[in-house]
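Here are a few exercises to work through with the model open beside you. Try each task yourself before you read the solution.

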Amino acid sequence: MRPGVVLTLVSASSLALLGVAPAPGSSVPLPALMADTGGGSQLITAQAPGTGSTTGTLTWWDLKDGQWVPAGSAPARFGANGLVEGASRQQGTNTTPTGLYGLPFGFGIKPEPGGTSVEYRAVQESSWWCQDNDSAAYNRWVDPLPADCRASESEHLVSYSTQYAYGLVIGFNYDQPVRGRGAGIFLHVNGQAATAGCVSVPEDAMRRILQWAKPDQKPHMAIGTVDGAMAVTRY
């Protein structure tokens, strides 16, 4: 291996470990700087300038012939109170959890976009997301609302006709839910302003992402900042 190649690889690795953003104009794609991309060949990155930011950039990537190439990009919105480390987040704080997550399934009030291959659940009048810490269904889609899940502590999905026109579940606190950490973190369509903790994008971008995502390519989503302790490259 040529010395120049070794230097490039070491530099990229060092940037990732230190949480330092690549230099402006760098030709190294963001996923190549990351500590982990989930092991698949599709990745979504949601990157904010800093932890207090409510806006940033979302990019979706494909791994082709060993190289990460962008498939699309859109302006993104984050929680009204910025971003926090996912492992220590608290429910009800209006913060977006940083980290690397799977994308369990898509959903929406509108019919699935043509070409969608991820699981897509149609939102009905009876569809809810349980956020009740005392419920066995905590941080789960439920249809109908179970007796042990209070409506006052849950989201009636059909009530959010704009935001949940299209969405993808972000697997934050999903596989083994920790009560009080947070529930119902999605990638969804923009509302009027910053979110309550989700990541949102314009409707056209959300529709394109659903059409792009392929389950057999194991898409994941990384959320973080440009640099610092919660840099997306650390995940």
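**Exercise 1. Strand pairing**

Find the bridge partner of His188 in β13, then work out how β12 pairs with β11 and with β13.

*Solution.* Keep in mind that this is a predicted model.

- Step 1. Start at His188 and look across to β13: the bridge partner there is Ser200.
- Step 2. Now take the two strands as a whole. β12 (residues 186–189) and β13 (residues 199–201) run parallel, joined by three bridges.
- Step 3. Turn to β11. Three bridges join β11 to β12 too, but here the strands run antiparallel.
- Step 4. For a residue to hang on to, pick Val169, which stands opposite Phe186 in β12.

**Exercise 2. The disulfide**

Locate the disulfide, say which parts of the chain the pair links, and decide its handedness.

*Solution.*

- Step 1. The structure holds one disulfide. Cys130 and Cys149 form it, with their sulfur atoms 2.2 Å apart, and that fits the cut-off of 2.5 Å.
- Step 2. Place the two ends. Cys130 lies in strand β8 (residues 128–130) and Cys149 in the loop between β9 and β10, so the pair links distant parts of the chain, 19 residues apart.
- Step 3. Check the torsion about the S-S bond of Cys130 and Cys149: at about 115°, the disulfide is right-handed.
- Step 4. Buried or exposed? Buried means under 20% relative accessible area. Cys130 comes in at 0% and Cys149 at 3%, and each counts as buried. While you're at it, look at Cys198, which is buried with a relative accessible area of 7%.

**Exercise 3. Aromatic pairs**

Classify the pair of Phe105 and Trp141 and the pair of Phe107 and Tyr164, then see which cluster they belong to.

*Solution.*

- Step 1. Know what to look for. A pair of aromatic rings is described by the distance of the centres and the angle of the planes.
- Step 2. A search of the whole structure turns up ten aromatic pairs. One of them is Phe105 with Trp141, at 6.1 Å centre to centre and 80° between the planes. Planes over 60 degrees apart count as edge-to-face, and that's the label for this pair.
- Step 3. Where do Phe105 and Trp141 sit? Phe105 is in the loop between β5 (96–102) and β6 (106–108), while Trp141 is in strand β9 (residues 140–142). The pair links distant parts of the chain, 36 residues apart. Both Phe105 and Trp141 are buried.
- Step 4. Do the same for Phe107 and Tyr164: 5.6 Å between centres and 70° between planes, edge-to-face. Phe107 lies in strand β6 and Tyr164 in the loop between β10 (154–156) and β11 (167–169), so this pair ties together parts that are 57 residues apart in sequence. Phe107 and Tyr164 are buried.
- Step 5. Put the pieces together. Phe105, Phe107, Trp129, Trp141, Tyr160, Tyr164, Tyr174 and Phe186 form one aromatic cluster.

**Exercise 4. Charges over rings**

Which rings have the charged ends of Arg121 and Arg140 sitting over them?

*Solution.*

- Step 1. Arg121 has its charged end over the ring of Phe105, 3.7 Å from the ring's centre.
- Step 2. Arg140 has its charged end over the ring of Tyr174, 4.0 Å from the centre.
- Step 3. Follow Arg121 a bit further. Arg121 also forms a salt bridge with Glu119, where the closest N and O atoms are 2.8 Å apart. Arg121 is partly exposed at 27% relative accessible area, and Glu119 is partly exposed at 43%.

**Exercise 5. A salt-bridge network**

Trace the salt bridges of Arg207 to Glu203 and Asp204, and find the network they feed into.

*Solution.*

- Step 1. The count for the model is seven salt bridges, taking N to O contacts within 4 Å.
- Step 2. Glu203 reaches Arg207 with closest N and O atoms 3.6 Å apart. Both residues lie in helix α2 (residues 203–212), four residues apart, about one turn of the helix.
- Step 3. Check exposure: Glu203 is partly exposed at 27%, and Arg207 is partly exposed at 25%.
- Step 4. Arg207 also meets Asp204 in a salt bridge, 3.1 Å from N to O. These two are three residues apart in helix α2, again about one helical turn. Asp204 is partly exposed, with a relative accessible area of 40%.
- Step 5. Join the dots: salt bridges that share partners connect Lys110, Glu203, Asp204, Arg207 and Arg208 into one network.

Note on methods
Residues are numbered from 1 along each chain as its sequence is written. This is a predicted model: local features need pLDDT of at least 70, side-chain atom pairs count only at pLDDT 80 or more; totals for chains, interfaces and linings use all residues. Side-chain values use heavy atoms; hydrogens and water are left out. A salt bridge is a side-chain nitrogen of Lys or Arg within 4 Å of a carboxyl oxygen of Asp or Glu. Buried means under 20% relative accessible area, exposed over 50%, partly exposed in between (1.4 Å probe, protein chains only). Rings of Phe, Tyr and Trp (its six-membered ring) pair if their centres lie within 6.5 Å; planes under 30 degrees apart count as stacked, over 60 as edge-to-face and the rest as tilted. A charge sits over a ring if NZ of Lys or CZ of Arg is within 6 Å of the ring centre and within 35 degrees of the ring normal. Two strands pair if DSSP finds at least two bridges between them.
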